[in-house]
Amino acid sequence: MTEETTRSAIFTSESQTAKLPIVAIVGRPNVGKSSLLNRFLGRREAIVQELPGVTRDRRERVVDWGDRTFLAVDTGGWEARPESSIAEAVRSQAERAIGLADIVLFVVDGKVGITAEDAEASKLILASKKPALLAVNKVDNSGEEADLGSFHRLGLGNPFPVSALHGRRSGDLLDALIAILPETAAQADEDGTVADVAIVGRPNVGKSTLFNRLVGDPRSIVHDSPGTTRDAVDTLIDLEGTSYRFVDTAGLRRRARVDDETEYYSRVRAIEALRRADVALLVIDASAGVVAADQKVATEIIDAGTACIVLLNKWDLATPEERATTEEGLEDMLAFLDWAPMLRVSALTGQRVQRLPDLLTAVLAQYRRRVSTADLVRLLEAAQARHPHPMAGRRRPRVRYATQPRAEPPLFMLFSTHRLMPDYLRYVDRTIRSAYGFKGTPLRMKVQVKAGKPSR
Ligand code: GDP
C-alpha cells in the first residue's frame with residue numbers, strides 16, 4: 001500500500017463516520033468479535049496511534065458492503081471482575097453498545113454453547129427492542145451447523161453460523177445486516193437548527209429544571225419534533241435568535257418523572273442523546289460535589305466527542321464550603337474535561353442561565369473550527385524545535401507533516417517517523433490549544449507512523 005492510498009482511506013472514513021448507522025458488536029471475550037470485524041474489513045489496517053486516555057478500548061471501523069456503509073463498533077468484552085456479579089459486568093458493556101447501536105450484532109461461541117453471560121446479555125438486548133442479529137461464531141463446517149438449534153433459546157431469532165477465522169458465511173451475515181440497516185441515523189439539519197444539544201448528568205442534578213427554564217423563558221420559541229430513535233422527542237428551542245435542537249428531551253419534559261427510571265436506562269438514553277449531539281451540557285449539583293457518577297457521564301461525553309459546557313447547578317442552594325468542594329472536585333475528578341468552560345448557575349432561579357446562549361455560540365465555533373495545514377506544519381516545526389521528542393533508542397521520532405482533515409470535533413493527523421510517546425502527544429495537544437484556543441471542544445489526535453529513509 002502506498003502512502004497516498006493509506007492516507008486517503010483514513011481521511012474518507014474519518015470524514016464520514018459522524019452520520020453513519022452503527023452496528024454494535026456485543027459478546028463475551030474470546031468469542032471472536034475482533035476477528036469478525038477484521039473479516040468484515042477484509043484487509044489489514046495501517047497502524048494508527050491515538051491520543052491516550054481520551055477514548056476507551058473501543059474499535060470503530062467503517063465497513064462497506066454492497067452499496068451500503070456502516071460503522072461497526074466493537075465495544076470490548078465485559079470484564080469478569082471478582083467484585084461484580086455477572087449481571088453487572090454484562091450490563092455495563094451492554095448499556096454502551098445498546099445506547100450506541102442502530103443494530104446489535106450479538107456474537108456467541110458455537111464451540112462453547114450458551115453461557116450464563118450470553119443469556120444475561122440477550123435479555124438486555126431483547127428489552128432494548130433494538131433490531132438484533134445473533135451470530136454463532138467458530139462454526140467451521142457444515143457438520144457443525146446441525147447443532148445450532150439450541151441457540152434459538154436466546155430469543156434473538158435464527159442464529160447465523162459463521163467462521164470469522166475462515167471467513168465462512170460472513171458474507172451472508174453482512175447481507176442480513178444490510179437488509180435491516182436503517183437509512184443514515186442522524187437527522188439532517190433541515191429544520192434551521194444550528195446544532196444538536198444534549199443535557200446530561202446523573203439523576204436529580206437539575207436537568208429537567210434547566211430544560212424547563214429554557215423552554216419557559218419568554219424569549220424562547222419552542223416546538224417539538226420527533227427524534228430519530230423510538231420514544232425520543234426532540235425540542236427545538238430558539239435562544240436569542242439561534243435555533244437549537246435539544247435531543248431526546250422526552251424524559252426531561254414528563255411531569256411525573258423518571259424516579260422509576262433505572263440508572264441503566266438513564267445511561268442508555270444519555271449515550272443515545274450524546275451520539276446525536278454536537279454539544280453536551282453537563283449538569284453537576286454544586287451542593288453535592290463531584291461524585292463518581294458524574295465522572296461516568298463525563299467519560300461518555302469524551303467518547304462521544306461532543307463539545308461541552310459544564311454547568312455547576314444549584315449554586316443558590318450550595319453553601320460556600322460546598323461550592324469550594326465542588327470546584328475542587330472539578331479539578332481532581334474531571335481534569336480530563338479541563339478544556340470545557342464552566343458556568344455557575346441556578347436552574348431554579350434562573351441565575352446566570354442567560355449567559356448560556358453566548359457560551360453555546362462560542363463553543364460551537366471552536367468545535368467547527370479548522371486550522372490550515374500550512375499553519376499547523378509551521379506550529380509543529382516550531383514546537384519540535386523548542387522541545388524535540390526524546391530519543392527512543394537510537395532514533396528520535398519526528399513529526400514530518402500534520403493536517404486537520406476534519407472538524408466536529410477537530411481531528412489532527414500527525415505523520416511521524418516513529419511512534420510518539422503519550423506525553424509528547426499531550427505536549428502537541430497543549431501546543432495546539434495554546435496557539436488556537438479550541439475552548440469547549442475536545443481534540444482528537446491520530447498518529448500515522450510511516451518510517452522514511454534512514455537519516456544520514
Ligand atoms: P434531573 O433528574 O437531573 O432532571 O433533576 P430535576 O430537574 O428533577 O431536579 C431535581 C431536584 O433538584 C428538584 O427538586 C429540583 O427542584 C431541584 N433543583 C434543580 N435545579 C435546582 C437549582 O438550581 N437550585 C435548587 N435549589 N434546586 C434545584
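Buried residues make up 52% of the 456 residues in the protein chain. I should state at once that this is a predicted model, and that every value I quote is computed from it. The chain contains 14 helices and 17 strands. Of the contacts with a separation of 6 or more, 75% are between residues 24 or more positions apart.

I shall take two helix pairs, then three sites in loops.

The first pair is helix H2, residues 33-41, and helix H6. Their axes lie 10 Å apart, and the two helices pack at an angle of about 80°. Because angles from 65 to 115 degrees count as roughly perpendicular, H2 is described as roughly perpendicular to H6. Which residues make the contact? From H2 they are Leu-36, Arg-39 and Phe-40, and from H6 they are Ser-170, Leu-173, Leu-174 and Leu-177. Sorted by class, this contact has five nonpolar residues, one polar and one charged.

The second pair is helix H13, residues 373-386, and helix H14, residues 422-436. Here the axes come within 11 Å and cross at roughly 125°. That angle makes H13 oblique to H14. As for handedness, H13 passes H14 in a right-handed crossing. On the H13 side, the contact is made by Asp-375, Leu-376, Leu-379, Leu-380, Ala-383, Gln-384 and Arg-386. On the H14 side, the residues are Tyr-424, Tyr-427, Val-428, Thr-431, Ile-432, Ala-435 and Tyr-436. By class, the contact of H13 with H14 has ten nonpolar, two polar and two charged residues.

Let me now turn to the loops, beginning with Ser-163. This serine is placed in the loop between strand S7, residues 160-161, and helix H6, residues 170-180. H6 is also the helix that packs with H2 in the first pair. Is Ser-163 buried or exposed? Ser-163 counts as buried, because its relative accessibility is 0%. Its side chain reaches the backbone nitrogen of His-166 at 3.1 Å. Leaving aside neighbours within four places in sequence, Ser-163 is in contact with Asn-137, Lys-138, Val-139, Asp-140 and Arg-168.

The next site is the loop between strand S15, residues 399-406, and strand S16, residues 411-416, where Pro-409 is found. Glu-408 is found in that loop as well, between S15 and S16. A cis peptide bond joins Glu-408 and Pro-409, with omega at about -5°. Glu-408 also has a positive phi of about 55°, although it is not a glycine. With a relative accessible area of 36%, Glu-408 is partly exposed.

The last site is Phe-438, in the loop between H14 and strand S17, residues 444-449. H14 is the helix that H13 passes in the second pair. What is the phi of Phe-438? Phe-438 has a positive phi of about 55°, and this residue is not a glycine either. As to burial, Phe-438 counts as buried because its relative accessibility is 0%, whereas Glu-408 is partly exposed.

To review the sites on the model, one may begin at the cis peptide bond between Glu-408 and Pro-409, continue to Phe-438 in the loop that follows H14 and precedes S17, and finish at Ser-163, whose side chain reaches the backbone nitrogen of His-166.

Technical notes
Residues are numbered from 1 along each chain as its sequence is written. This is a predicted model: local features need pLDDT of at least 70, side-chain atom pairs count only at pLDDT 80 or more; totals for chains, interfaces and linings use all residues. Side-chain values use heavy atoms; hydrogens and water are left out. Axes are lines fitted to C-alpha atoms, for helices over the stretch in contact, and angles run from 0 to 180 degrees between N-to-C directions. Helices (H or I, at least four residues) and strands (E, at least two) are DSSP runs, numbered from the N terminus. Angles under 35 degrees count as roughly parallel, over 145 as roughly antiparallel, 65 to 115 as roughly perpendicular and the rest as oblique. A crossing is left-handed if the near helix is turned anticlockwise from the far one by less than a right angle, and right-handed if clockwise. Contact means heavy atoms within 4.5 Å. Ala, Val, Leu, Ile, Met, Phe, Trp, Tyr, Cys and Pro count as nonpolar, Asp, Glu, Lys and Arg as charged, and the others, Gly among them, as polar. Buried means under 20% relative accessible area, exposed over 50%, partly exposed in between (1.4 Å probe, protein chains only). A polar contact is a pair of N or O atoms within 3.5 Å; within protein, one must be able to donate a hydrogen and the other to accept it, and residues adjacent in sequence count only if both atoms are side-chain atoms.
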